[in-house]
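Biologist: Can you walk me through this one? I'd like to start with the helices and then look at the empty spaces.

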Amino acid sequence: MARLRGTFDPAPIMTAIASNLQAVRRDMEYFARAAQRRPEEIALLAVSKTFAAAAVREAFQAGQRAFGESYVREALDKIAALRDLDPEWHFIGPIQSNKTRAIAENFAWAHGVDRLKIAERLSEQRPRNLPPLNVCIQVNVSGEDSKSGVAPDETEGLAQSVARLPQLRLRGLMAVPAPADGLSAQRKPFAQLRELAMRLKADGLALDTLSMGMSGDLEAAIREGATMVRVGTAIFGGRQKQ
Ligand SMILES: *Cc1c(COP(=O)(O)O)cnc(C)c1O
């Protein structure tokens with residue numbers, strides 16, 4: 001049978017980033033259902049550190065809105081290059097005192113708060129015409145080899161103080177556990193973070209965020225209650241060493 005030229009509607013062409021995003025969203029949905037959770041409870045933060053503004057633009061055009069960056073100077077260039085869009089920028093790296101102003105002025109969220117002094121500076125420097133900066137307290141859960149993060153038994157004291165700062169809104173806890181093999185080993189530190197958050201909530205803190213899970217431990221994090229996963233490699237590809 002003859003087919004009229006021009007009536008055939010090809011499938012839209014998908015970029016690699018768009019199809020990676022779709023695969024990650026599908027995985028998240030699958031893991032959520034396996035854990036008897038609603039997929040809508042889990043937000044996807046696309047970690048764009050080391051990738052160019054063009055890659056962020058591509059992900060934005062594929063419907064992704066929240067992006068995570070770890071290096072302030074690099075992030076500021078990207079934020080400037082993408083002023084025509086309105087992505088939600090999350091700072092997920094360790095926070096040095098001399099970078100608090102740039103973070104307070106340019107980001108919607110900061111996930112790596114682990115000292116009161118840093119939280120106080122972020123609150124003081126948050127421009128009054130912006131909504132409060134959303135923050136997560138980074139906890140150094142068991143087995144972690146990094147120096148970032150507050151010790152689990154000091155988390156509540158820090159959380160109570162951070163919750164009182166006027167220009168911050170304490171949303172929850174964040175962790176970056178050391179890489180581990182196998183689902184049950186990966187779940188342990190996430191379970192620890194979830195239990196810690198539950199204790200803080202029982203003590204009256206209004207937390208709604210567990211920022212945990214990356215490309216390699218997404219399932220474990222979702223099983224343990226992650227509400228925001230931070231995924232870089234599975235969306236943008238492998239990174240060069242910095
Ligand atoms: C780089 C980074 C991620 C993303 O890690 P991938 O393994 O690439 O998914 C998540 N969270 C933090 C804090 C990071 O620094």
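Modeller: One term before we start: buried means under 20% relative accessible area, and exposed means over 50%. Also, this is a predicted model.

Biologist: Fine. Take α1. Which residues are exposed there?

Modeller: Ala-16, Arg-26, Tyr-30 and Arg-33. They sit on the other side of α1 from the buried residues.

Biologist: And which residues of α1 are buried?

Modeller: Ile-17, Ala-18, Leu-21, Val-24, Met-28, Phe-31 and Ala-32. They share one side of α1, because they cover an arc of only 155 degrees around the axis.

Biologist: What covers them?

Modeller: The cover includes two strands, β1 (43-47) and β8 (228-231). It also includes the helices α2 (53-61), α8 (218-223) and α9 (233-236).

Biologist: What span should α1 have, and how far apart are its ends?

Modeller: Helix α1 runs over residues 16-34, which is 19 residues. At 1.5 Å a residue it should span 27 Å. The end C-alpha atoms are 27 Å apart, so the two agree.

Biologist: What comes just after α1?

Modeller: Gln-36, with a positive phi of about 55 degrees.

Biologist: On to α2. Which residues are buried?

Modeller: Ala-53, Ala-55, Val-56, Ala-59 and Phe-60. Their arc around the axis is only 160 degrees, which puts them on the same side of α2. Ala-54 and Gln-61 are exposed, on the face turned away from that buried side.

Biologist: What does the buried side of α2 pack against?

Modeller: Its buried residues pack against α1, α3 (72-81) and α9. Strands β2 (66-69) and β3 (88-91) are partners too. After α2 comes Gly-63, with a positive phi near 100 degrees.

Biologist: Now the empty spaces. How much space is in the largest pocket?

Modeller: About 700 Å³. It is lined by 27 residues. The closest to its centre are Lys-49, Val-176, Met-214, Arg-230 and Arg-239.

Biologist: How does that lining divide by residue type?

Modeller: Eleven nonpolar, ten polar and six charged.

Biologist: And how many cavities of 30 Å³ or more are there?

Modeller: One. The largest cavity has a volume of about 30 Å³.

Biologist: Which residues line that cavity?

Modeller: Pro-177, Ala-178, Pro-179, Ala-180, Ala-185, Gln-186, Pro-189 and Asp-217. By type, six are nonpolar, one is polar and one is charged.

Methods: Residues numbered from 1 in each chain as written. Predicted model: local features only at pLDDT ≥ 70, side-chain atom pairs only at ≥ 80, totals over all residues. Heavy atoms only, no water. 1 Å grid on protein atoms, 1.4 Å probe; cavity = no way out; pocket = protein on both sides within 12 Å on 5 of 7 lines; lining within 4 Å. Points joined across faces, edges and corners; volume = space filled by probe spheres on them. Nonpolar A, V, L, I, M, F, W, Y, C, P; charged D, E, K, R; others polar. Helix = DSSP H or I, 4+ residues; strand = E, 2+ residues; numbered from the N terminus. Expected span 1.5 Å × (residues − 1). Buried < 20%, exposed > 50% of the residue type's maximum accessible area, 1.4 Å probe, protein only. Arc of directions from axis to C-beta. Contact = heavy atoms within 4.5 Å.
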